[in-house]
Amino acid sequence: MAVAKNTDTEKKSEHSATRELREKGSEVMDDVRELGGLAKDAAGEQLERAKRRATEGYEAGRDRVADWQDDLRDRVRDKPVQSLLIAAGVGALLGVFWRR
């Protein structure tokens, strides 16, 4: 009988250990899920920052180009003959380079 009691005690101990391992595994999985959620949130915030920066950069570049176009338009209106001669010279140079 003493052998049977040890076997029952061992089985109970094994079941207890198995239950504890399952509980710990469940806790670990919960922690992993929580960390995954935190990582997802952090990545989303970084993506939003990057989008904002890209939009700001695009808008700043667009504004600079618009300013450059306005300046060029004003210069052409102020000096139309000079602008025409410069455009003709640039066109002639491009024509020479494209032929070669």
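**Notebook: charges, helices and surface patches**

I began with the charges of the protein: the mean positions of its 20 positive and 20 negative charges lie 7 Å apart. I note at the outset that the model is predicted.

**Entry 1. Overall form**

I looked up the secondary structure next and found 2 helices and 0 strands. The radius of gyration is 38 Å, well over the 13 Å that the globule rule gives for 100 residues, so the protein is more spread out than a compact globule. For the extents, I read the C-alpha trace along its principal axes and recorded spans of about 120 × 35 × 5 Å. Helix H1 covers residues 2–78, and helix H2 covers residues 80–99.

**Entry 2. Burial and surface**

What share of the 100 residues is buried? I recorded 0%. Since buried means under 20% relative accessible area, I kept that cut-off in mind when reading the accessibilities of single residues. I entered about 9,500 Å² for the accessible surface of the protein, with 58% of that area belonging to carbon and sulfur atoms.

**Entry 3. Salt bridges**

How many salt bridges does the structure hold? I found 3, and I went through them in sequence order.

I took Asp30 and Arg33 to begin with; their closest N and O atoms are 3.3 Å apart in the salt bridge. Both residues are in helix H1, and being 3 residues apart they are separated by about one helical turn. Asp30 is partly exposed, at a relative accessible area of 41%. Arg33, at 55% relative accessibility, counts as exposed, because the exposed class begins over 50%.

I then turned to Glu48, which forms a salt bridge with Lys51 at 3.8 Å between the closest N and O atoms. This distance falls inside the cut-off, because a salt bridge requires the side-chain nitrogen to be within 4 Å of the carboxyl oxygen. The two residues again belong to helix H1 and are 3 residues apart, about one turn of the helix. I noted Glu48 as partly exposed, with 41% relative accessible area, and Lys51 as partly exposed, with 44%.

I closed this entry with Asp70 and Arg73, whose salt bridge has its closest N and O atoms 3.0 Å apart. Their separation of 3 residues in helix H1 amounts to about one helical turn. Asp70 counts as partly exposed at 35% relative accessibility, and Arg73 is partly exposed at 40%.

**Entry 4. Negative patch**

Which residues form the negative surface patch? I listed Glu56, Glu59, Asp63, Asp67, Asp71, Asp74 and Asp78. I checked Asp63 individually: this residue is found in helix H1, and with 44% relative accessibility Asp63 counts as partly exposed. That value suits patch membership, because patches are made of residues with over 30% relative accessible area and no salt bridge.

**Entry 5. Nonpolar patch**

Finally, I looked for nonpolar side chains grouped at the surface. Ile86, Val90, Leu94 and Trp98 make a nonpolar patch of about 460 Å². I located Ile86 in helix H2.

**Entry 6. Summary**

I conclude with two points for the record. The salt bridges number 3, one of them joining Asp70 to Arg73. The surface carries a negative patch that includes Asp63 and a nonpolar patch that includes Trp98.

Terms used. Residues numbered from 1 in each chain as written. Predicted model: local features only at pLDDT ≥ 70, side-chain atom pairs only at ≥ 80, totals over all residues. Heavy atoms only, no water. Patch = residues over 30% accessible without salt bridge, like charges linked within 9 Å, V, L, I, M, F, W, Y side chains within 5 Å. Areas by Shrake-Rupley, 256 points an atom, 1.4 Å probe, with all protein chains shown as cover. Helix = DSSP H or I, 4+ residues; strand = E, 2+ residues; numbered from the N terminus. Lys, Arg positive; Asp, Glu negative; His and termini not counted. Charge placed at Lys NZ, Arg CZ, Asp CG, Glu CD. Buried < 20%, exposed > 50% of the residue type's maximum accessible area, 1.4 Å probe, protein only. Rg over C-alpha atoms; globule rule 2.2 N^0.38 Å.
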